[in-house]
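Trainee: Could you take me on a close look at one part of this model, going slowly enough for someone in their first year? I would like to begin with a single residue and then see what lies around it.

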Amino acid sequence: HTQTKSKYKHHQKGLQRSMRGIATLLSLVLLSSISSTYANPLKVVQRISDSLQSKPRSREELKLGIAGFYDRSSKLWEEVWGEHMHHGYYVPANRTDHKQAQVDLIDEVLKWAGVEESGSRRPTKVVDVGCGIGGSSRHIARKYGATANGVTLSPYQAMRGNQLAQQQGLADRASFQVADALDMPFPSSSFDLVWSLESGEHMPDKKRFVDELFRVSMPNGRIIIVTWCHRDLSPNETSLTKKELNLLNKINRAYYLPEWCSVGDYVKILEEKGATDVKTEDWSWVIAPFWKAVIVSSLRPGSIWGLLKSGFSTQRGAYAMLLMLRGFDMGLIKFGLITCTKPK
C-alpha cells in the first residue's frame with residue numbers, strides 16, 4: 001500500500017489537468033442540459049440556485065433521487081465498465097486491467113475480512129445491500145456456491161441484475177429486488193454474510209443502517225461495510241472545518257448523499273451493538289488509480305455521447321468527480337473498510 005501511495009502521487013498532476021479539462025467540458029454540457037430539460041426559466045434558475053447553495057435534501061428526496069440517478073446512469077456505466085459498479089484494487093498501482101481490478105477488489109476485501117473459502121464458516125447465504133446491477137452478488141455466489149439476495153432502490157438495477165443472473169446461469173442462486181436498505185424485506189437472522197460495497201454513503205441514518213445489517217445477519221455472521229467516509233476527527237476537534245463541510249455538501253448535492261460520517265463513527269455504532277472482531281482499514285490509496293482510469297474512459301467518443309444523452313443528474317455526477325478528487329487530495333475523503341462479527 002505504501003508503494004501504491006507513492007505511485008499515485010506520481011500521476012496526480014496529470015490527473016488534475018485532465019480533470020480541469022473535463023470540468024470545463026461538463027460545465028458547458030450541464031448548462032445546456034438544464035436549459036433543455038427545464039423549459040421554464042424559473043425552474044432553471046431554481047435548479048441552479050439549489051445546486052450552487054448545495055441545498056440539503058430530505059430523506060424522501062434522497063430516496064427518490066438515488067433511484068432516479070441510478071436508473072439513468074447504470075446503463076452508461078455498464079457499457080463502459082461492465083457489471084461491477086465500484087472501484088478497483090490497484091496493487092501494483094500501475095495495473096491497467098481495470099475490470100479485473102474491480103473483481104480483485106471484491107476478493108481482496110473478502111480475504112481481508114477473513115471470509116473462509118472452505119470449512120464450516122464458508123458463507124452459504126449472502127445479502128448484498130445496495131447491490132447495483134448485482135456484480136458482487138453473482139461473483140460471491142459463484143465463488144462460494146452460495147445464494148445471494150441483492151437490494152437496491154433502483155428498479156432498473158434490480159431488473160438488470162436479474163437479467164444478468166439469468167444470462168449467467170445463476171437465476172436459481174442470485175436474485176435482486178427493489179427495497180430500502182433501512183427496512184429490508186427479510187426475516188431476522190437470514191444471512192451468514194452481510195455485504196455492503198460502496199452504498200453506506202447513501203444511508204441517511206447510519207445507526208439504523210447498521211441496525212438492519214445486524215438484524216438480518218445470523219448470529220456469528222460476518223458483516224462487511226466498504227464505504228466512502230470523511231476523515232476521523234482529531235481529539236481536539238468537534239467537527240470538520242467549514243471548508244471541508246462546504247466541499248462535502250457540494251458532493252452531496254451531485255450524488256444524492258446525506259451527511260457523511262467517519263470510520264470511527266461506524267466503529268462506535270458497532271461497539272454499541274456488541275459487535276466482536278471489529279476491524280478497520282483505510283484503502284484510499286489502494287483504489288486511487290481508478291480515478292485516472294475513469295477519467296480516461298470518459299474522454300472516449302462513445303462515453304462522451306452516452307453522457308450527453310444521459311441527462312442532467314448523470315452529467316452533474318460526472319462533474320462532481322473533480323470535487324471527489326479534491327476531497328481525496330485534502331485527506332478529507334477516505335475509502336474505509338469495516339468488518340465485524342455479530343455476537344452469538
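Mentor: Happy to! Let's begin with Thr227, which sits in strand S5. Keep in mind that this is a predicted model.

Is Thr227 buried or exposed? Its relative accessible area is 0%, and because anything under 20% counts as buried, Thr227 is buried. Its side chain has a polar partner: the side chain of Glu201, with 2.6 Å for the contact. Which other residues does Thr227 touch, if we skip those within four places in sequence? Besides Glu201, the list holds Gly200, Tyr266, Lys334, Phe335, Gly336 and Ile338.

Phe335 deserves a second look, as it has an aromatic partner in Trp228. The rings of Trp228 and Phe335 are edge-to-face, with 5.2 Å from centre to centre and 70° between the planes. This pair brings together distant parts of the chain: Trp228 belongs to strand S5 (residues 217-230) and Phe335 to strand S7 (residues 333-341), 107 residues apart. Both Trp228 and Phe335 are buried.

Now move along strand S5 to Asn220, which also has its place there. Some background helps here: most residues other than glycine have a negative phi. Asn220 has a positive phi, near 70°, and is not a glycine. With a relative accessible area of 28%, Asn220 is partly exposed.

Glu198 is another residue with a positive phi, about 55°, without being a glycine. You will find Glu198 in the loop between strand S4 (191-197) and helix H7 (206-216). Glu198 is buried, its relative accessible area being 14%.

Next comes a residue in the loop between strand S3 (174-178) and S4, namely Ser189. How far apart are the C-alpha atoms of Ser189 and Gly221? They are separated by 8.7 Å, while the two residues are 32 apart along the chain. Ser189 is partly exposed, with a relative accessible area of 35%. Leaving out residues up to four places away in sequence, Ser189 touches Arg215, Val216, Ser217, Met218, Pro219 and Lys342.

Val216 takes us to helix H7, where it is one of the buried residues. The others given for H7 are Lys206, Phe209, Val210, Glu212, Leu213 and Phe214. What covers the buried residues of H7? The cover includes strand S1 (125-129), S4, S5, helix H9 (263-272) and S7. So strands S5 and S7, where we met Trp228 and Phe335, turn up again here. At the N-terminal end of H7, Asp205 acts as a cap, with a side-chain oxygen 3.2 Å from the backbone nitrogen of Lys207.

For a contrast in setting, let's visit helix H3. The structure has eleven aromatic pairs, and one of them joins Trp77 and Trp81. These two rings are stacked, 6.0 Å from centre to centre with 25° between the planes. How do they come to sit on one side? An α-helix has 3.6 residues a turn, so residues three or four places apart point the same way. Trp77 and Trp81 are four residues apart in helix H3 (residues 59-81), which means about one helical turn separates them. Trp77 is partly exposed at a relative accessible area of 22%, whereas Trp81 is buried at 5%.

Helix H3 also meets a second helix, H6 (residues 155-167): their axes come within 7 Å and cross at roughly 40°. That angle makes H3 oblique to H6. On the H3 side the meeting residues are Tyr70, Asp71, Ser74, Lys75 and Glu78, and on the H6 side they are Pro155, Tyr156, Gln157, Arg160 and Leu164. Sorted by class, this contact has four nonpolar, two polar and four charged residues. Tyr70 also belongs to an aromatic cluster with Phe69, Tyr255 and Tyr256.

Beyond H3, in the loop before helix H4 (98-112), lies Pro92. Val91 and Pro92 are joined by a cis peptide bond, with omega about 5°.

Finally, step back to the protein chain as a whole. It comes to 14 helices and seven strands, and 53% of its 344 residues count as buried. Among contacts between residues at least 6 apart in sequence, 79% join residues at least 24 apart. The pair we met early on, Trp228 and Phe335, links residues 107 apart.

Definitions and conventions:
Residues numbered from 1 in each chain as written. Predicted model: local features only at pLDDT ≥ 70, side-chain atom pairs only at ≥ 80, totals over all residues. Heavy atoms only, no water. Phe/Tyr/Trp six-rings, centres within 6.5 Å; stacked < 30°, edge-to-face > 60°. Helix = DSSP H or I, 4+ residues; strand = E, 2+ residues; numbered from the N terminus. Buried < 20%, exposed > 50% of the residue type's maximum accessible area, 1.4 Å probe, protein only. Polar contact = N/O pair within 3.5 Å; in protein donor to acceptor, adjacent residues only side chain to side chain. Contact = heavy atoms within 4.5 Å. Axes fitted to C-alpha atoms, helices over the stretch in contact; angles between N-to-C directions. Parallel < 35°, antiparallel > 145°, perpendicular 65-115°, else oblique. Nonpolar A, V, L, I, M, F, W, Y, C, P; charged D, E, K, R; others polar.
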